[in-house]
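Here's a quick briefing on a protein with a ligand bound. Have a look at the sequence and structure first, then read on.

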Amino acid sequence: MKLRYSPTSPFVRKVTVLCREIGLDSRVERVPASPWSDDDDLPSQNPLGKVPALVLDDGTTLFESLLICEYLDCHHDGDKLIPPIGDARWRSLRQHALADGILDSAVLMLVEGKRRPADKRWDDWSERQKGKIDRALDDLEQDCGALDGPFTIGPMSVAIALDYLDFRFPDHGWRSGRPGLEAWHKAVSQRPSLRETMPREP
Ligand SMILES: N[C@@H](CCC(=O)N[C@@H](CS)C(=O)NCC(=O)O)C(=O)O
């Protein structure tokens, strides 16, 4: 299997952390991609032109980080990171959805602030995205006890989303007024799979 990746993508990191947690890291060959370059062959593998994309040995490509995670999670015998049907699954996937929503909004803000020419920027749009991030963070804070327990796709994705805010928006101040989330993040960040994959500029 080949994983098309870019080094700072939080969606790629989700797949990377999952591979480390389930012991499949060595079975996935990493092949760099530049999703923003017109010269990259990524769109021939993923029509959506995004990373992560997992090219299987039969040539099929899977895209969307959750789909890739689900595929990989089916290919090991240990504890599943995506729980089976039942309350734990819905709780975990709800946490994952909040985390992914934070990432979607953060990436949109990054594109608006860094890639769009300054005279074409739309500040209200970025504020709107920040509102979504803040409400999602408040929701997580309210129920932060639910993040304790098994390290499934939900808590894993929340940790990745918080790290991404620290990485791209260090002035956001997500910790302010959210002591439960802050304490949980500090503790969970000790996990080797997270500590060793912390995002940094290449
Ligand atoms: N929902 C997708 C999001 C993937 C995504 O947005 N990846 C970004 C990098 S962080 C990308 O490749 N963007 C290129 C583009 O939008 O053209 C997933 O979970 O995999």
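**Where the ligand sits**

The ligand occupies the largest pocket. A pocket here is an open set of points on a 1 Å grid over the protein atoms alone, where a 1.4 Å probe fits, with protein on both sides within 12 Å along at least five of seven lines; a molecule sits in one if more than half of its atoms lie within 2 Å of its grid points. This is a predicted model, with local features needing pLDDT of at least 70, side-chain atom pairs pLDDT 80 or more, and totals for chains, interfaces and linings using all residues. Numbering runs from 1 along each chain as its sequence is written, and side-chain values use heavy atoms, without hydrogens or water.

**Ligand shell**
- Among the residues around the ligand are Phe-11, Trp-36 and Lys-50, with "around" meaning a heavy atom within 4 Å.

**Polar contacts (N or O pairs within 3.5 Å)**
- A ligand nitrogen is 2.9 Å from a polar backbone atom of Val-51.
- Glu-64 puts a polar side-chain atom 2.9 Å from a ligand nitrogen.
- For Ser-65, a side-chain N or O atom is 2.6 Å from a ligand oxygen.

**Domains (from an automatic or database assignment)**
- Domain 1 spans 2–73 and domain 2 spans 87–195.
- Their centres, taken over C-alpha atoms, are 21 Å apart.

Methods: A polar contact is a pair of N or O atoms within 3.5 Å; within protein, one must be able to donate a hydrogen and the other to accept it, and residues adjacent in sequence count only if both atoms are side-chain atoms. On a 1 Å grid over the protein atoms alone, a cavity is a set of points where a 1.4 Å probe fits but cannot get out, and a pocket is an open set with protein on both sides within 12 Å along at least five of seven lines; lining residues have an atom within 4 Å of a point.
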